[in-house]
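User: Hi, I've got a structure open and would like to talk it through. Could you help me find my way around?
Analyst: Happy to, let's take a look together.

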Amino acid sequence: MNYNKYEISKDESSTIYDFISIGDKGKFRKVISFSPSQNPSVYDLSFGDLKYDVLTRMCAVDDEVTNNNGDIKIVLATVAKAVYNFTDLNPDITLFFRSSDTRKTRVYKRVIMLNLDKLSKNFNIYGARIIDNQIRDEPFDYKKDFDGFLIQRKKNETTKIIKDSKIVLNPSLNEFRNIKFKSGNRDEIIKMEFKLSF
């Protein structure tokens with residue numbers, strides 16, 4: 001994805017990343033989380049706005065919010081930058097991601113399709129269906145609707161892809177490792193069984 005990207009920082013385990021979205025409606029702190037599932041080779045990728053709840057006095061990630069901040073390409077390119085970094089460090093991990101609503105899932109499908117040539121040089125990309133509390137893969141097809149997507153770094157990929165991947169280590173992000181996501185999707189996904197054909 002040859003788009004501008006925001007500067008990002010990450011925790012010591014490289015499973016929590018954050019950045020600031022700057023656009024038409026202001027500044028929003030975004031958090032990207034890579035969480036292990038029941039299958040140790042599959043992690044859930046989640047992201048959203050970091051929000052402080054005054055009632056619980058805790059931070060949570062709102063993964064249902066739509067900011068309409070005018071920077072969606074930069075936000076998604078920044079998430080892709082974190083994915084490249086995470087898979088550079090964990091090349092054998094398959095990532096599962098979906099949105100909290102079908103409209104956003106269709107946006108993700110469109111972004112994959114528009115960047116498929118570049119992405120498929122580095123990743124195997126699959127559609128994912130949730131059937132009977134199991135996540136199953138099938139070949140990515142832009143004409144089909146999916147419940148989510150699976151991406152896996154290609155085994156022959158040996159070079160670091162992102163040249164501008166300077167990501168600052170921020171130990172204060174360690175506190176977000178067990179942060180709650182508003183939709184509950186992450187908690188639901190990490191409990192599901194993955195029936196993968198690859």
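**Talking through the model**

Analyst: Let's begin with a loop residue: Asn 68 counts as exposed, because its relative accessibility is 54% and the cut-off for exposed is over 50%. Keep in mind that this is a predicted model.

User: Thanks! Where does Asn 68 sit?
Analyst: Asn 68 is in the loop between β5 (58–62) and α1. Its phi is near 50°, a positive value in a residue other than glycine.

User: Why does a positive phi deserve a mention?
Analyst: Because most residues other than glycine have a negative phi.

User: What about the phi of Asn 133?
Analyst: The phi of Asn 133 is positive too, near 65°. You'll find Asn 133 in the loop between β7 and β8 (134–139). At 49% relative accessibility, Asn 133 counts as partly exposed.

User: Okay, new topic: pockets. How much space is in the largest pocket?
Analyst: About 890 Å³. The lining has 41 residues, and those closest to the centre of the pocket are Phe 47, Ile 72, Val 75, Leu 76 and Tyr 108.

User: Which element gives the most to that lining?
Analyst: That would be α1, with seven residues. Among the elements that each supply at least two residues are also β4 (42–53), α2 (102–114), β7 (123–131) and α4 (185–189).

User: And how do the lining residues divide into nonpolar, polar and charged?
Analyst: There are 20 nonpolar, 11 polar and 10 charged residues in the lining of the largest pocket.

User: Good. Now the inside: which residues touch the most other members of the largest nonpolar core?
Analyst: Tyr 17, Ile 32, Phe 34, Val 83 and Leu 95, out of 29 residues in that core. Several elements each supply at least two residues of this core, including β2 (16–23), β3 (26–36), β6 (94–97) and β9 (148–153). The largest share, seven residues, comes from α1.

User: Is there any general background to that?
Analyst: Yes, in soluble globular proteins, nonpolar side chains tend to be buried together.

User: Let's zoom in on Phe 34. What does Phe 34 touch?
Analyst: Leaving out residues up to four places away in sequence, Phe 34 touches Ser 14, Thr 15, Tyr 17, Tyr 43, Asp 44, Leu 45, Ala 82, Val 83, Phe 86 and Leu 95.

User: Last one: which residues does the second, separate core include?
Analyst: That core has nine residues, including Val 42, Phe 96, Ala 128 and Ile 189.

How values were computed
Residues numbered from 1 in each chain as written. Predicted model: local features only at pLDDT ≥ 70, side-chain atom pairs only at ≥ 80, totals over all residues. Heavy atoms only, no water. 1 Å grid on protein atoms, 1.4 Å probe; cavity = no way out; pocket = protein on both sides within 12 Å on 5 of 7 lines; lining within 4 Å. Points joined across faces, edges and corners; volume = space filled by probe spheres on them. Helix = DSSP H or I, 4+ residues; strand = E, 2+ residues; numbered from the N terminus. Nonpolar A, V, L, I, M, F, W, Y, C, P; charged D, E, K, R; others polar. Buried < 20%, exposed > 50% of the residue type's maximum accessible area, 1.4 Å probe, protein only. Core = buried A, V, L, I, M, F, W, Y, C linked by side-chain atoms within 4.5 Å. Contact = heavy atoms within 4.5 Å.
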